[in-house]
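Look at the model below. This report covers its salt bridges, one of its helices, and its empty spaces.

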Amino acid sequence: MFDGLDHVPWHDLVYAYWGKADMPSLFRALLDEDEAFQAADELLNELYHQGGFVCSAAVAAMPFLLEAAESARVPCRGEVLEIVGSLALTAREVAARWIADGWAEAWAEAVPRLLVLLDDGDPKVRRAATSVLEEAVAWADEVVAAIRRRWSAQDGVTRLDQVLVVGSLARSLTAATLPETLLWLRELTHDPDEQLRFAAASALKEALPGRPIEVEPVVTALSGDLSAWSGSERFSGTPALSVRWAIDRLGDDLDAREEVCLALIAHPDPGRRRGAVHAAASLLSVSRRPRRLLPALREGAVDPDAETRTGALHLLAAHAQPGGQDADLFAGRLDDQANVSRLPVVADVAVWGLAWSGDERCVPELAERIGRERPGLPLSSMRTGKTLGYPMWTPSLQEILAPCSGWAQTLLPVILRRLHPDVETQLGRALLQTLEAWGPSAAPAVSHITGLLDGRLRHWAAEALGAIGPDAASAGPALRDLLGDPEAGLDNSAFRSGAAVAVPWAYWRVTGDPEPALRALGPRLGEWHLATRRLADLGAHASGHVSTLRLLAGALEPWTAVEAAHALIRITGDIAEGGHVLIRPVADLLEGKAMPVVRACVRYLAGHEDLPGRYLSTMEAVLADDRRHSWDGGWAAIHDDLELRAVLQATVERARL
């Protein structure tokens with residue numbers, strides 16, 4: 001085997017990872033039962049790693065990978081085919097410049113050999129080859145024909161996998177093959193085997209994306225015996241993972257996804273209920289239309305299964321708003337210490353839900369958590385975009401406390417006991433950002449915050465004082481002493497740059513003297529968008545910077561442009577100066593593009609009277625769109641959307657009076 005392996009100039013090629021592995025030895029190790037699986041893992045790492053490009057070493061390795069996959073002497077043939085499939089998928093997804101020369105030819109030579117593997121005696125190899133052939137979209141007719149010719153000879157699990165692959169390839173079929181393939185899939189939706197009916201219905205949904213899926217076979221299959229999928233390349237694992245995967249596959253058919261979720265949230269098997277709650281989370285994070293899920297989640301929030309209970313309560317907390325109807329439900333879970341791996345403690349989720357519901361029953365619990373050596377809640381916001389779907393993380397301590405200013409009298413003493421010069425930086429930042437969010441409600445803490453201006457927390461202490469405003473006038477002398485060198489004594493560059501902006505801005509806010517802020521912020525315009533945001537607070541005092549701000553409002557970087565546009569409007573009083581920049585990210589929501597900057601745009605626009613009619617029409621269109629208007633996933637997808645809609649609704653109603 002592997003004739004010619006030693007003649008390849010392996011050391012001259014580009015790899016996906018290390019590039020110093022002995023490739024001939026790794027390939028030959030595939031023949032050793034004790035070493036084969038580790039060798040396959042190392043080959044995957046060297047040739048693919050995390051994907052993103054197809055390296056020249058992968059092109060050179062393809063003939064040898066296929067030879068290994070074809071040989072019964074190799075004990076890890078399925079794992080070898082996984083390498084081929086990963087490379088083929090990458091080549092389909094990335095731009096041509098990221099694909100090494102020779103890949104197209106290597107892949108074209110591979111496809112006929114993969115088709116032969118559909119007859120292999122090992123069902124795992126047949127399924128692995130089927131999975132790789134899903135990437136052979138240019139040969140879709142040949143692949144589907146080969147699958148159908150071998151249909152009667154296949155075992156049940158392989159049939160399930162092959163049906164799903166046919167559905168995936170259907171949109172690449174020619175007119176000569178597509179009609180009969182769709183008819184075949186339609187016939188399979190009436191097969192006596194409930195799992196095959198489900199696979200066919202799912203395949204038809206992928207083949208015809210606009211076609212509503214029939215819910216009954218999906219619910220029946222997911223409610224029944226899922227062991228038929230054991231060994232599947234596509235759909236296997238715990239019942240919870242299987243249910244979640246299957247419901248998510250229904251894609252844009254939101255009604256079908258809701259129906260299946262509702263059916264399985266009530267299933268007697270806790271695994272199905274867990275999967276349904278996770279699938280509901282995925283659904284509710286992209287659309288607000290499935291409104292029947294919330295009552296079902298209220299039932300799930302008292303489920304005897306801890307994972308189901310945590311997930312359901314988490315979704316309800318993400319929806320929590322002042323005066324919401326779930327406060328009693330949250331209060332009933334304050335003593336629930338269930339803690340499933342990788343999920344938050346149920347009681348922590350309940351405290352979060354109560355806090356955002358504006359219910360004072362959260363206050364003792366918040367005080368207790370703040371007073372702990374480790375608060376038990378994240379100290380940093382974990383916003384990661386939608387790449388991770390719906391992670392069951394809680395908001396940070398500061399995000400949970402931000403709307404709690406009404407209980408400042410009770411919570412401030414607890415916060416101030418933790419806020420001392422030696423406090424751990426992340427905790428100190430979180431607590432000071434809480435006081436900043438509370439603004440004037442944090443005024444009793446002014447002297448305490450002022451004492452932190454000498455240390456590494458200066459940046460956040462100054463911002464908290466600035467947010468308190470004139471009620472923090474007693475901090476004026478301490479801030480004035482720092483104006484000459486706001487960065488003095490700070491050894492972290494981020495701390496220094498933050499203090500350089502925060503100190504003069506805070507001095508303006510507490511004393512009303514704009515000159516130090518104008519001198520400090522002007523030179524930093526375009527360097528850091530927070531400096532532009534702070535300059536906007538000075539209003540007409542900053543009129544000397546209008547020409548610079550007009551240039552920055554045309555920047556390609558979104559935050560730079562938006563903060564400059566906001567500053568222009570605040571300084572000139574003319575919405576025409578920057579309104580077109582602020583409304584653009586709002587209009588982008590209608591195209592399904594939600595950028596982080598849109599939340600600031602909506603707040604800034606809400607502060608102005610006499611908005612143009614076209615702006616209001618755009619806002620009304622966004623309100624009528626049921627998609628979640630958030631860049632983030634998880635709880636933030638729901639919370640940010642609700643917050644944005646509330647601001648837009650109030651803005652439109654005020655303007656239409």
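## A pair close in sequence

Arg361 counts as partly exposed, because its relative accessibility is 37% and the partly exposed class runs from 20% to 50%. Its salt-bridge partner is Asp359, and the closest N and O atoms of the two are 2.9 Å apart. Asp359 has a relative accessibility of 16%, so Asp359 counts as buried. The model is a predicted one.

Why can such residues pair at all? Side chains of opposite charge can do so when their charged atoms come close.

## Pairs that link distant parts

How many salt bridges does the structure hold? The count is 49. One of them joins Arg92 and Glu135, with 2.8 Å between the closest N and O atoms. This pair links distant parts of the chain, with the two residues 43 residues apart. Arg92 sits in helix α4 (residues 77-93). Glu135 lies in the loop between α6 (123-133) and α7 (140-149). Arg92 is partly exposed, with a relative accessible area of 45%. Glu135 counts as buried, at 10% relative accessibility.

Arg289 and Asp255 form a salt bridge too, and their closest N and O atoms are 3.1 Å apart. This pair also links distant parts of the chain, 34 residues apart. Arg289 is in the loop between α14 (270-284) and α15 (293-300), while Asp255 belongs to helix α13 (residues 254-265). Arg289 is partly exposed, with a relative accessible area of 36%. Asp255 is partly exposed as well, at 43%.

## Helix α4

Return to α4, the helix that holds Arg92. Is this helix enclosed or open? Twelve of its 17 residues are buried, so α4 is largely enclosed by the rest of the structure. Among the buried residues are Val80, Leu81, Ile83, Val84 and Leu87. Arg77, Gly78, Gly85 and Ser86 are buried too. The buried residues of α4 pack against α2 (36-47), α3 (56-70), α5 (103-116) and α6.

The length of α4 can be checked as well. At 1.5 Å a residue, its 17 residues should span 24 Å. The end C-alpha atoms are 25 Å apart, which agrees.

## A salt-bridge network

Some charged residues join in a network. Arg383, Glu399, Arg599, Asp632, Asp640 and Glu643 are linked by salt bridges in this way. Watch for these names in the next sections.

## The two largest pockets

The largest pocket holds about 1,800 Å³ of space. Its lining is made of 47 residues. Which of them lie nearest its centre? They are Gln398, Glu399, Arg533, Arg599 and Arg603. Glu399 and Arg599 also belong to the salt-bridge network. Several helices give two or more residues to the lining, including α18 (346-357), α20 (397-401), α32 (598-606) and α34 (634-656). By class, the lining has 22 nonpolar, eleven polar and 14 charged residues.

The second largest pocket holds about 440 Å³. It is lined by 19 residues, and the closest to its centre are Arg244, His278, Glu307, Arg342 and Leu343. The elements that give two or more residues to this lining are α12 (239-248) and α14. The lining has ten nonpolar, five polar and four charged residues.

## Two cavities

How can empty space be found? Rolling a probe the size of a water molecule over the atoms shows where it is left. The count of cavities of 30 Å³ or more comes to two.

The largest cavity holds about 60 Å³ of space. Among the residues that line it are Met382, Arg383, Pro391, Trp393, Asp632 and Trp635. Arg383 and Asp632 are also in the salt-bridge network. The lining divides into five nonpolar, four polar and two charged residues.

The second largest cavity holds about 50 Å³. Its lining consists of Arg599, Val602, Arg603, Asp640, Glu643, Leu644 and Val647. Which helix gives the largest share? It is α34, with four residues. Both α32 and α34 supply at least two residues each. This lining has three nonpolar, no polar and four charged residues. Arg599, Asp640 and Glu643 are in the salt-bridge network as well.

Methods. Residues numbered from 1 in each chain as written. Predicted model: local features only at pLDDT ≥ 70, side-chain atom pairs only at ≥ 80, totals over all residues. Heavy atoms only, no water. Salt bridge = Lys/Arg side-chain N within 4 Å of Asp/Glu carboxyl O. Buried < 20%, exposed > 50% of the residue type's maximum accessible area, 1.4 Å probe, protein only. 1 Å grid on protein atoms, 1.4 Å probe; cavity = no way out; pocket = protein on both sides within 12 Å on 5 of 7 lines; lining within 4 Å. Points joined across faces, edges and corners; volume = space filled by probe spheres on them. Nonpolar A, V, L, I, M, F, W, Y, C, P; charged D, E, K, R; others polar. Expected span 1.5 Å × (residues − 1). Contact = heavy atoms within 4.5 Å.
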